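Work through the exercises below with the sequence and the coordinates at hand, and try each task before reading its solution.

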Amino acid sequence: MHNTATERSSFAIDGLALLEMADLAAERQLSLLGPYHSHPLGPTRPSKRDQQSAERWPETLWLILDGRVTARTSWSAWWSQSGVLAPLNAEEAVLSSAVP
């Protein structure tokens with residue numbers, strides 16, 4: 001989905017596009033797991049804005065990529081539970097994504 005935010009330091013998803021994507025996923029018997037985005041200046045832990053957004057995205061998997069250009073891409077996985085983003089290791093991220 002396209003980032004509709006006007007600030008470089010934030011992201012936003014068009015609500016109508018999200019609903020259309022959810023409908024398409026349901027038609028294909030798939031589920032949306034949650035958002036992923038990068039932090040252009042790093043680090044890969046949730047920002048204050050991410051934490052606020054998590055309140056609107058309960059029970060979702062969040063992936064945050066380090067947007068800095070380096071030889072190695074780093075990322076982190078977080079689970080939104082009751083509006084709080086809790087860190088997951090890679091194995092937990094895979095297991096969480098399998099939960100219906």
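Two strands are said to pair if DSSP finds at least two bridges between them, where strands (E, at least two residues) and helices (H or I, at least four residues) are DSSP runs numbered from the N terminus. The model is a predicted one, in which local features need pLDDT of at least 70 and side-chain atom pairs count only at pLDDT 80 or more, while totals for chains, interfaces and linings use all residues. Residues are numbered from 1 along each chain as its sequence is written, and side-chain values use heavy atoms, with hydrogens and water left out.

**Exercise 1. Overall layout**

Determine the order of helices and strands in the protein chain, and then describe its burial and its contacts.

Solution. Start with the count, which gives 3 helices and 4 strands for the protein chain. Next, read along the sequence, where these elements follow the pattern α-β-α-β-β-β-α. For burial, take a residue as buried under 20% relative accessible area, exposed over 50%, and partly exposed in between (1.4 Å probe, protein chains only); on this scale, buried residues make up 26% of the 100 residues in the protein chain. Finally, with a contact defined as heavy atoms within 4.5 Å, residues 24 or more positions apart account for 43% of the contacts that have a separation of 6 or more.

**Exercise 2. Helix α1 and the loop after it**

Compare the span of α1 with the expected one, and then examine what lies at its two ends.

Solution. The expected span of a helix is 1.5 Å times one less than its number of residues. Helix α1 covers residues 15-27, which is 13 residues, and reaches 18 Å from its first C-alpha to its last, close to the 18 Å expected. At the N-terminal end, Asp14 acts as the cap, with a side-chain oxygen 3.1 Å from the backbone nitrogen of Leu16. Just after α1 comes Gln29, whose phi is near 60 degrees, a positive value in a residue other than glycine. Gln29 belongs to the loop between α1 and β1, and it counts as exposed because its relative accessibility is 76%.

The loop between α1 and β1 (36-39) also holds Leu33, which is classed as partly exposed because its relative accessible area is 38%. Leu33 and Glu59 are 26 residues apart in sequence, yet their C-alpha atoms are 8.6 Å apart in space. Glu59 itself sits in the loop between α2 (48-54) and β2 (60-66), and has a positive phi of about 55 degrees although it is not a glycine.

**Exercise 3. The β3-β4 hairpin and Ser80**

How many bridges join β3 to β4, and which residues does Ser80 touch?

Solution. Strand β3 (residues 75-81) and strand β4 (residues 84-88) run antiparallel and are joined by 5 bridges; Trp79, for example, has Ala86 as its bridge partner in β4. The hairpin has 2 residues between the strands, and in this hairpin Ser82 takes a positive phi near 55 degrees.

Now move to Ser80, which is placed in strand β3 and is buried because its relative accessible area is 0%. Leaving out residues up to four places away in sequence, Ser80 touches Ala54, Trp57, Pro58, Glu59, Thr60, Trp62 and Leu85. A polar atom of the Ser80 side chain lies 3.2 Å from the backbone oxygen of Ala54. Ala54 also belongs to the largest nonpolar core, whose 5 residues are Ala54, Trp62, Ile64, Trp78 and Leu85; such a core is a set of buried Ala, Val, Leu, Ile, Met, Phe, Trp, Tyr and Cys residues joined through side-chain atoms within 4.5 Å.

**Exercise 4. The surroundings of His39**

Is His39 buried or exposed, and which side chain does its own side chain meet in a polar contact?

Solution. His39 lies in strand β1 and is buried, because its relative accessible area is 12%. A polar contact is a pair of N or O atoms within 3.5 Å; within protein, one must be able to donate a hydrogen and the other to accept it, and residues adjacent in sequence count only if both atoms are side-chain atoms. The side chain of His39 makes such a contact with the side chain of Asp50 at 2.9 Å, and also reaches the backbone oxygen of Arg45 at 3.5 Å. Beyond its neighbours within four places in sequence, His39 is in contact with several residues, including Pro46, Ile64 and Gly67.
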